[in-house]
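Work through the exercises below with the sequence and the coordinates open, and try each task before reading its solution.

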Amino acid sequence: EDGIRDVERSRGLGDVYKRQMSCLPIAKEFKVPYLYTGSTYTVNPKGNRYLLRVMPSVRSDVRATVDWVRKVGKKFSILYIDYAYGWSMRDEFSWVVEQIGGKVTEKIAIPVGTVDVAPYAAKVSKDVDAIILGMVGSSESLGAIKALRELGYEQPTVSLIYPWEGIDIEDPELAKWFEGCYFFDNTPRILSAYDTANNREFRKILGIDERGREIGNPRNATSWAPLVWSGFFALAESLEAVGWKGPEDTPKLIKWWEGHVFKESLGHPYGDWLFRAEDHYPFRAKHVLTIEKGKLKLEERISYKKAITFEPEVDFTK
């Protein structure tokens with residue numbers, strides 16, 4: 001039943017993206033800041049000055065890891081969902097592989113709502129060094145990794161951790177599929193990847209344990225909560241900084257955000273991050289995690305400065 005509900009939800013993902021995009025002109029029309037937590041990059045070049053993005057996109061999540069990807073190999077296959085998120089994974093990883101002089105053997109699109117992923121997984125070349133997964137829903141993601149393993153693929157998979165949101169991938173029944181695989185994360189689930197007083201206090205307040213699991217419901221694991229949390233604290237800081245009284249102060253608030261470096265604190269428990277002035281894009285530190293003996297561990301932490309890997313396509317300050 002959970003799987004069926006997940007497929008039904010995924011069929012509406014295109015509509016979710018359209019609703020997110022449709023908010024942009026409305027925010028401009030009514031001169032209201034739009035606090036955005038989606039992961040699609042194209043929101044920024046199509047946006048306007050009222051866009052206050054707090055969650056990075058696939059573009060910086062993937063491109064920041066180009067030096068690390070060199071260690072994985074030179075030959076990759078990309079298996080992705082045929083939807084905006086999957087297209088971003090396909091395009092950004094293709095860029096990364098090109099930068100390291102590697103090769104993408106095939107880019108295999110899986111229609112949204114597909115229940116049996118095996119026929120698509122079977123198209124992956126047998127001799128690749130790693131398989132890049134650009135999936136969205138948890139049931140689709142689990143279906144893909146299970147299909148690959150049942151078909152005899154032993155290569156590591158590489159993906160962002162968000163498709164596994166709400167899923168405890170350290171569960172023994174799941175971890176066996178992921179042994180040696182890699183995940184990119186802005187806010188790592190495991191405390192040991194960034195063990196600070198602020199991170200510990202943040203987890204205590206939200207009821208999240210050291211493995212990223214909800215206390216009292218260990219099957220539910222999360223990575224997104226810190227980004228939403230950080231966004232609200234950023235908004236609060238800006239309201240206080242400009243002495244916001246009403247809509248007439250909104251231009252001052254937006255100007256305060258532009259180029260601002262938010263400093264590590266309880267409000268931003270995973271370190272400093274930059275809100276770029278021109279395109280209102282947030283740059284945060286990245287973390288490469290791997291599964292080793294059934295447990296997540298930190299492979300590498302990449303500073304937010306190294307995540308600035310592309311130039312702005314627009315300049316809202318003008």
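**Exercise 1: the setting of a threonine**

Thr65 lies in the loop that joins helix H3 (58-63) to helix H4 (66-69), in a model that is predicted. Task: decide whether Thr65 is buried or exposed, and then describe what surrounds Thr65.

Solution. Begin with the accessibility: buried means under 20% relative accessible area, and Thr65 has 1%, so Thr65 counts as buried. Next, look for a polar partner of the side chain, which reaches the backbone oxygen of Val62 at 2.6 Å. Finally, leave out residues up to four places away in sequence, and the residues that Thr65 touches are Phe184, Val288 and Ile302.

**Exercise 2: strand E3 and its partners**

Task: determine how strand E3 (residues 75-81) is enclosed, and in which sense E3 pairs with strand E4 (residues 103-110) and with strand E5 (residues 130-134).

Solution. Start with burial: six of the seven residues of E3 are buried, and therefore the strand is largely enclosed by the rest of the structure. On the E4 side, the pairing is parallel and runs over seven bridges, with Lys107 of E4 as the bridge partner of Ile78. The connection from E3 to E4 passes through helix H5 (residues 84-99), and this β-α-β crossover is right-handed. On the E5 side, the pairing with E3 is again in the parallel sense, here over five bridges, and Phe76 stands opposite Ala130 in E5.

**Exercise 3: aromatic pairs**

Task: from the 19 aromatic pairs that the structure holds, take Trp164 with Phe178 and Phe202 with Trp229, and work out the geometry of each.

Solution. For Trp164 and Phe178, the centre-to-centre distance is 5.0 Å and the planes make an angle of 80°, an edge-to-face arrangement. In the chain, Trp164 belongs to the loop between strand E6 (157-160) and helix H8 (172-178), whereas Phe178 belongs to helix H8, and the pair links distant parts of the chain, 14 residues apart. Trp164 counts as buried because its relative accessibility is 1%, and Phe178 counts as buried because its value is 0%.

For Phe202 and Trp229, the ring centres are 5.1 Å apart and the planes stand at 75°; since planes over 60 degrees apart count as edge-to-face, this pair is edge-to-face. Phe202 sits in helix H9 (residues 197-206) and Trp229 in helix H10 (residues 225-242), so that the pair links parts of the chain 27 residues apart. Both Phe202 and Trp229 are buried.

**Exercise 4: a three-stranded sheet, an aromatic cluster and charges over rings**

Task: establish the strand order of the open sheet that contains E10, E11 and E12, and state which charged ends lie over the rings of Trp273 and Tyr41.

Solution. The three strands follow the order E10-E11-E12 with antiparallel pairing. Strand E10 (261-262) and strand E12 (282-283) are the edge strands, each pairing on one side only. Between E10 and strand E11 (residues 273-275) there are two bridges in the antiparallel sense, and Phe262 stands opposite Trp273 in E11. Phe262 and Trp273 also belong to one aromatic cluster together with Trp256, Trp257 and Phe275. Over the ring of Trp273 sits the charged end of Arg284, 4.0 Å from the ring centre. Turning to Tyr41, Arg59 lies over its face, at 4.1 Å from the ring centre.

Technical notes:
Residues numbered from 1 in each chain as written. Predicted model: local features only at pLDDT ≥ 70, side-chain atom pairs only at ≥ 80, totals over all residues. Heavy atoms only, no water. Helix = DSSP H or I, 4+ residues; strand = E, 2+ residues; numbered from the N terminus. Buried < 20%, exposed > 50% of the residue type's maximum accessible area, 1.4 Å probe, protein only. Polar contact = N/O pair within 3.5 Å; in protein donor to acceptor, adjacent residues only side chain to side chain. Contact = heavy atoms within 4.5 Å. Pairing = 2+ DSSP bridges. Right-handed = clockwise from strand over helix to strand, strands pointing away. Phe/Tyr/Trp six-rings, centres within 6.5 Å; stacked < 30°, edge-to-face > 60°. Lys NZ or Arg CZ within 6 Å of the ring centre and 35° of its normal.
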